[in-house]
Amino acid sequence: MVMSSPYNFKRRSAIRNTWAGGQSEERWKTVFLVGQGEGDTAQNQRLAAEEEMHRDLIRGAQKEHYRNLTLKTQMGLEWASKYCNFQFLVKADDDVFVDPRTMINHLKKPDTPKMNLYTGRCPQGGAPHRKGKYAVSWEEYNKTGYPPYCAGPAYVLSRDLVPRLVNLFNVKNPLPLEDVYIGTLIEKIGGVDAVLHPGFRLLEYGPCKYHSDTLAYHVVKNEGCMIQLFNLAMKGREEKQQH
């Protein structure tokens, strides 16, 4: 389930041509969640053509904006809960490289929980910002610290958690920080830990470098890096098979 701006055509194309490909072999289905753009007629026509061709866009009524990401996530989890038969759900942004084979191999391991699984790159809470891009007001969040949560660029939820999260949604005024919001709902469910996994990598200022144990890599700076990471992953897999 990939969060994408309506006009990030190149990013979606790069994902389709790399890690979202070969879905039947991997038992893996990728969809893109997009909000409403600014009303550019040519761009909207292009988006409609993309939707017609690929049939993988889930379009919401909310305006595309950072502080509406929570609404998009709610939409996506509701859609998945209602229409999809799945064991695990991976939520990712469109500047994230996901390695489906490595991800699925990890999820299939006997010691990977098949229920109550909430995993990713999970900081231990932290104090809310009251100014700047990530600011929340006291009315929006009236505690001095966040619960543990998994960072928004990429995280995994097991199937059982998705409808339980949906049942807790605040439909009027959800917390505008999507990843923290999911963490607050997980806390309400109780008995579920935000589990840090080192395979969720944050290399925002690093090179476009592949690591064989990567489950999800953020930030992928451009489409060329996405293709490079995919090719390196495929090459590494082939070399492993030869040995």
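A pocket here is an open set of points on a 1 Å grid over the protein atoms alone, with protein on both sides within 12 Å along at least five of seven lines; lining residues have an atom within 4 Å of a point. A volume is the space filled by probe spheres set on the points, which are joined across faces, edges and corners.

Before starting: this is a predicted model, where local features need pLDDT of at least 70 and side-chain atom pairs count only at pLDDT 80 or more, while totals for chains, interfaces and linings use all residues. Residues are numbered from 1 along each chain as its sequence is written, and side-chain values use heavy atoms, with hydrogens and water left out.

**Exercise 1. Describe the largest pocket and its lining.**

Step 1: get the volume, which is about 900 Å³.
Step 2: find the middle. There are 36 lining residues, and Y66, D93, Y134, P153 and D179 are the closest to the centre.
Step 3: sort the lining by class. It splits into 15 nonpolar, nine polar and 12 charged residues (Ala, Val, Leu, Ile, Met, Phe, Trp, Tyr, Cys and Pro are nonpolar; Asp, Glu, Lys and Arg are charged; the others, Gly among them, are polar).
Step 4: look for the elements behind it. Helix 4, strand 4 (88–93) and helix 7 each supply at least two residues, and helix 7 has the largest share with three. Helices (H or I, at least four residues) and strands (E, at least two) are DSSP runs, numbered from the N terminus.

**Exercise 2. Do the same for the second largest pocket.**

Step 1: its volume is about 600 Å³.
Step 2: R27, W28, K29, F86 and F88 sit closest to the centre, out of 23 lining residues.
Step 3: helix 4, strand 4 and helix 5 (100–108) each give two or more residues, and strand 4 gives the most, with four.
Step 4: by class, the lining has 16 nonpolar, three polar and four charged residues.

**Exercise 3. Work out the surroundings of S158.**

Step 1: place S158 in strand 7 (residues 154–158).
Step 2: check its exposure. S158 is buried, with a relative accessible area of 0% (buried is under 20%, exposed over 50%, partly exposed in between, using a 1.4 Å probe and protein chains only).
Step 3: follow the side chain. It reaches the backbone nitrogen of L117 at 3.0 Å and makes a polar contact with the side chain of D160 at 2.7 Å. A polar contact is a pair of N or O atoms within 3.5 Å; within protein, one must be able to donate a hydrogen and the other to accept it, and residues adjacent in sequence count only if both atoms are side-chain atoms.
Step 4: list the neighbours. Leaving out residues up to four places away in sequence, S158 touches Q87, F88, K114, M115, N116 and L117 (contact means heavy atoms within 4.5 Å).

**Exercise 4. Trace the largest nonpolar core.**

Step 1: recall that such a core is a set of buried Ala, Val, Leu, Ile, Met, Phe, Trp, Tyr and Cys residues joined through side-chain atoms within 4.5 Å.
Step 2: this one has 34 residues, and L77, Y118, L157, L165, I182 and I186 have the most contacts inside it.
Step 3: helix 4 (69–83), strand 7, helix 6 (161–167) and helix 7 (178–189) each supply at least two residues. Helix 7 gives the most, with six.

Methods. On a 1 Å grid over the protein atoms alone, a cavity is a set of points where a 1.4 Å probe fits but cannot get out, and a pocket is an open set with protein on both sides within 12 Å along at least five of seven lines; lining residues have an atom within 4 Å of a point.
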